[in-house]
Amino acid sequence: MAEPVVRIPDAKVALSTASVYPESTATAFEIAARLGYDGVEVMVWNDPVSQDIDALRRLSDYHQVPILAVHAPCLLITQRVWSTDPWVKLQRARAAAEKLGATTVVVHPPFRWQRQYARDFVQGIWRMANETDVRFAVENMYPWRYRDREMLAYAPDWDVTKDDYRHFTIDLSHASTARTDAIHMLDRMGDRLGHVHLADGNGSAKDEHLVPGRGSQPCAELLERLALSGFDGHVVIEVNTRRAMSSAEREADLAEALAFTRLHLASAARVPRR
């Protein structure tokens, strides 16, 4: 008789250093090690440690937590981090990933006012992807909304599945803000899905990044589908803990997110008992 056993897919579960904000990049490594995450994704931003390859390597070695991905500095608040030239930012992100042993660079599509960058973006990402084994995984974004107005802030499009990229990052909080169906987006990405930012949302115009299971997004369904498909990329917990009243409360949220993710990545499979 075959009996059900638990099968855990190859996907590793990482903690985004952004998930501990306003605490530091160094704190993210400490928490990831303490809670048993498989690694971290480094969000490169205004924290000097996040920009310093040697400092990141020392943190990784000290805590025995590998760096699985590097998030290039694509935010409004990081316009001057690692140069004001967006291509230089990506080159430095790739170099950091290669030196730190990370397999993925996460990148946002350009802002519409970055006209030359936006015009060359799709071909430029392909060119850079062909020069390295590191995956450039382009992340879905969302329209900016204020009351009844909508601004299309990203180009070529916030819905990255409308363009031809080798690898995608799906972000469920962004899908929620865009009010788009995350499972349909997952289907459009197909086998080009290389990376996941796991967070929840309730369709607010604000990018909520809730702990998975606290919103209306199909976080559990997506994880179960990844497990059944043999997804071998990384699942990164990227949640907003700014409202945590203490470090202990923040850590509890991140422990809950990890438990949720591991629970739903485990799928029942029937194999013959030997």
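Reader: How much area does the chain expose, and what share of it do carbon and sulfur atoms supply?

Author: The chain exposes about 13,200 Å². Carbon and sulfur atoms supply 49% of that area. Accessible areas come from the Shrake-Rupley method with a 1.4 Å probe, and for residues only the protein chains shown count as cover. This is a predicted model: local features need pLDDT of at least 70, side-chain atom pairs count only at pLDDT 80 or more, and totals for chains, interfaces and linings use all residues. Residues are numbered from 1 along each chain as its sequence is written, and side-chain values use heavy atoms, with hydrogens and water left out.

Reader: How many helices and strands does the chain have?

Author: Eight helices and twelve strands. Both are DSSP runs numbered from the N terminus: helices are H or I with at least four residues, strands are E with at least two. The radius of gyration is 18 Å, close to the 19 Å that the globule rule gives for 274 residues, so the chain is as compact as a globular protein of that length. That radius is taken over C-alpha atoms, and the rule is 2.2 Å times the number of residues to the power 0.38. Along the principal axes, the C-alpha atoms fill a box of roughly 60 × 40 × 40 Å.

Reader: What percentage of the residues count as buried?

Author: 54% of the 274 residues. Buried means under 20% relative accessible area, exposed over 50%, and partly exposed in between (1.4 Å probe, protein chains only).

Reader: Which residues touch the most other members of the largest nonpolar core?

Author: Start with the general idea. In soluble globular proteins, nonpolar side chains tend to be buried together. A nonpolar core is a set of buried Ala, Val, Leu, Ile, Met, Phe, Trp, Tyr and Cys residues joined through side-chain atoms within 4.5 Å. Here the largest core has 76 residues, and Tyr 37, Leu 90, Ile 170, Val 196, Leu 226 and Val 235 touch the most other members. Now follow Leu 226. Leaving out residues up to four places away in sequence, Leu 226 touches Leu 186, Leu 193, Val 196, Phe 231, Val 235 and Leu 265. A contact means heavy atoms within 4.5 Å.

Reader: Where are the cis peptide bonds before Pro 22 and Pro 156?

Author: Most residues other than glycine have a negative phi, and most peptide bonds are trans. The bond from Tyr 21 to Pro 22 is cis, with omega near 15 degrees. Pro 22 lies in the loop between β2 (12-16) and α1 (25-35). Ala 155 and Pro 156 are also joined by a cis bond, with omega about 0 degrees. Pro 156 sits in the loop between β8 (149-151) and β9 (167-171).

Reader: What is phi at Ser 83 and at His 209?

Author: Phi of Ser 83 is near 90 degrees, a positive value. Ser 83 is in the loop between β4 (67-71) and α3 (86-100). Ser 83 is partly exposed, at 28% relative accessible area. His 209 has a positive phi of about 50 degrees. The place of His 209 is the loop between β10 (193-198) and α7 (219-229). His 209 is buried, at 9%.

Reader: Is Pro 110 buried or exposed?

Author: Buried, at 0% relative accessibility. Pro 110 lies in the loop between β5 (104-107) and α4 (115-129). Beyond residues up to four places away in sequence, Pro 110 touches several residues, including Tyr 117, Phe 121 and Pro 156. Pro 48, in the loop between β3 (39-43) and α2 (53-63), counts as exposed at 61%.
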